[in-house]
Protein chains: 2
Amino acid sequence: MLDPVSRVRRFNRAVTSAVGALDTSFLGRGRPLGAARVLNAIGHGRSDVGEIRDYLGLDSGLMSRLLRGLENEGLIETAAHGDDARRRVVRLTRTGRREFSTYEAISNRQAEGFLAGHAQREALLAAMDMIASALGRDSIGLSEMDPRSKEARYCLGAYYDELARRFKQGFDVTLSRDPDARDMVRPRGAFIVAMSDGLPIGCVGLKGSGGDLAEIKRLWVAPDARGLRLGRRLMEAAESAARELGVKVLRLDTNSALPEAGQLYRRSGWTEIPRFNDDPYPDLFFEKRL
Amino acid sequence: MLDPVSRVRRFNRAVTSAVGALDTSFLGRGRPLGAARVLNAIGHGRSDVGEIRDYLGLDSGLMSRLLRGLENEGLIETAAHGDDARRRVVRLTRTGRREFSTYEAISNRQAEGFLAGHAQREALLAAMDMIASALGRDSIGLSEMDPRSKEARYCLGAYYDELARRFKQGFDVTLSRDPDARDMVRPRGAFIVAMSDGLPIGCVGLKGSGGDLAEIKRLWVAPDARGLRLGRRLMEAAESAARELGVKVLRLDTNSALPEAGQLYRRSGWTEIPRFNDDPYPDLFFEKRL
DNA sequence: AATGATATCTGACTAAAGTCAGATATATGC
DNA sequence: GCATATATCTGACTTTAGTCAGATATCATT
């Protein structure tokens, strides 16, 4: 009915008016929007004045005045940065934390109110995740984490669930060769998680042995974040970590029930090789020389 | 990983910065945002000053000044309304139309740019439709339309496609008793389409015979708009149209492969009755006395 | 024709946001 | 140690948005 561009524009209109409503709800605390935004940025853990300025896109003069205002209200304290006394760091006072938490309560209530009226809650949330990831594509960051961290475990859980759904015979992680976490931490290996604004949306493991040979494991991208070329980015990050660790040959196993994975490997310089382990799940094996 | 409220808030953050970027791209024409918004409202066919003021939520003084500014730029012309000379109507001049079309081009380019980089185009658009409908839930309007109109045909096509997917034996509209369009237009019947900001997202037909008996046909709600109680609203609108036309008894047929439909009927006062036609597809029959 | 309601406009104002040119203190490279 | 760059701050300014109290013209009702 509507062409794609009109659909995007319809979305923009809907969202613009919703954002406007969200903004006005912040005005209820008797503080202009600019000051409220700065306070919230600080509350969410940003402490570097310059960083906040960049994040909010403010002029340095304006930023300075807003900080002075919040300081006079007794909500924040500033101090020189330890490494560089030209820079300033900001933190909330006790009063500031209280005020911040009422802003948080406003935001939470707003979000709950939105969800409350909708029957298709999970579908709606999935759609929101997808759009947030797509809009924030440029800000998806890859970070090395411990495979036992909360974020990594979330990704691995989602990965196992997906294998269970997609393999005809199901998937039981205890039957597979579950790598030792220490093999996926420096100096032997690495584990990389893709984060988009606080949400883990992909991961990959590099399982090393200390020698020339290492294995890629647990490559996963959240369904809502597919199509953003994140798989490729994760693989590149894993390969570059492997190079740093002196690895010469990378291997991986996969299953033909995951065709998009096989395609990614073939397109990025991997070559199929004969089976190199007796894990019951994989039926495709690849190698890449670095 | 994230709780529902955090997911909604993550979406809000992503969207807020995207909307900001969209706004700043409108400033490239050397005109403040307020004036640009008014110009665009006029370009999109709004002509009544009061209507534009309500739509944009502007004070009458501010509105007046913005109009004066656009007039001085030679972009618009105002005149008294034909029926009521207190009201004013606005329209674009030739220059104004040109300027408006460059704003349109900016919006279109922005939307195309967003879509261009994404592999999962259709899924992303579906997610956007869903969210736009959910956000604009309060502004979903039901309007009676000709069942041969573009909007109605779009809904019917989507409805047939869905039946084909959901019926084990498929669905071929030519085998079913396709109602004559004239039976779904006043004075015999009615056809109602739910529109959300230009997009048809649901429909229902009331097929009358001129007598006391009429039939409900073609109840459909777009998958992305389910959970908004739109089915119920459509049924209520159809029933009230039936009452207006003097109908005493309503009937409908449906299929047990569409359980959500059966549930809706049972919950809103319909009672199951024996088969009353020989259409090959339905296996459930309902009646409601008005 | 008089009365009150309505739509828009004008003038006078305030608040918020944003800009810009220095001033000040500190860091970095030579 | 000196020149240069950087981070923040201050003061003086402009623009945009928004508010409010009338003024003006028109409409609807009696």
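**Exercise 1. Find what covers the buried residues of helix H2 in chain A.**

Solution. Start with the cover itself: around the buried residues of H2(A) you'll find, among others, helices H1 (4-26), H3 (49-56), H4 (60-72) and H5 (94-116), plus strands E1 (76-80) and E2 (88-92), of chain A. Helices (H or I, at least four residues) and strands (E, at least two) are DSSP runs, numbered from the N terminus. Cover is judged by contact, meaning heavy atoms within 4.5 Å.

Next, list what is being covered. In H2 (residues 33-43), the buried residues are Ala35(A), Ala36(A), Val38(A), Leu39(A), Asn40(A), Ala41(A) and Ile42(A). Buried means under 20% relative accessible area, exposed over 50%, and partly exposed in between (1.4 Å probe, protein chains only).

Last, look past the helix: H2(A) is followed by Gly45(A), with a positive phi near 100°.

A word on the ground rules: this is a predicted model, where local features need pLDDT of at least 70 and side-chain atom pairs count only at pLDDT 80 or more, while totals for chains, interfaces and linings use all residues. Residues are numbered from 1 along each chain as its sequence is written, chains are lettered from A and ligands numbered from 1 in the order in which they are written, and side-chain values use heavy atoms, with hydrogens and water left out.

**Exercise 2. Describe the setting of Arg218(A).**

Solution. First, place the residue: Arg218(A) sits in strand E6 (residues 213-221) of chain A. Then check its cover: at a relative accessible area of 6%, Arg218(A) counts as buried.

Now see who's around. Leaving out residues up to four places away in sequence, Arg218(A) touches a set of residues including Leu156(A), Tyr159(A), Val173(A), Asp178(A) and Phe191(A). Its side chain also makes a polar contact with the side chain of Tyr160(A), at 3.4 Å. A polar contact is a pair of N or O atoms within 3.5 Å; within protein, one must be able to donate a hydrogen and the other to accept it, and residues adjacent in sequence count only if both atoms are side-chain atoms.

Finally, the backbone. Arg218(A) isn't a glycine, yet its phi is positive, about 55°. Most residues other than glycine have a negative phi, and most peptide bonds are trans. Over in the other chain, Arg218(B) has a positive phi near 55° and is buried, with a relative accessible area of 6%.

**Exercise 3. Locate the cis peptide bond that joins Arg186(A) and a proline.**

Solution. The partner is Pro187(A), and omega is about 5°. Pro187(A) is in the loop between helix H7 (150-166) and strand E4 (190-196) of chain A. Now try chain B: a cis peptide bond joins Arg186(B) and Pro187(B), with omega again about 5°.

**Exercise 4. Work out how chain A is laid on chain B.**

Solution. Take the operation first: a turn of 179° and a shift of 0.1 Å along the axis put chain A on chain B with an RMSD of 0.4 Å. That's the relation of a two-fold axis. Copies are superposed by least squares on the C-alpha atoms of residues with pLDDT of at least 70 in both.

Then find the axis: within chain A, Ala127(A) comes closest to it, at 2.2 Å (C-alpha).

Now the interface. Of the interface residues of chain A, 100% are also interface residues in chain B, so the copies meet through the same surface. For a contact across chains, pick Ser133(B), which touches Arg10(A). Ser133(B) lies in helix H6 (residues 121-135) of chain B and is buried, with a relative accessible area of 1%.
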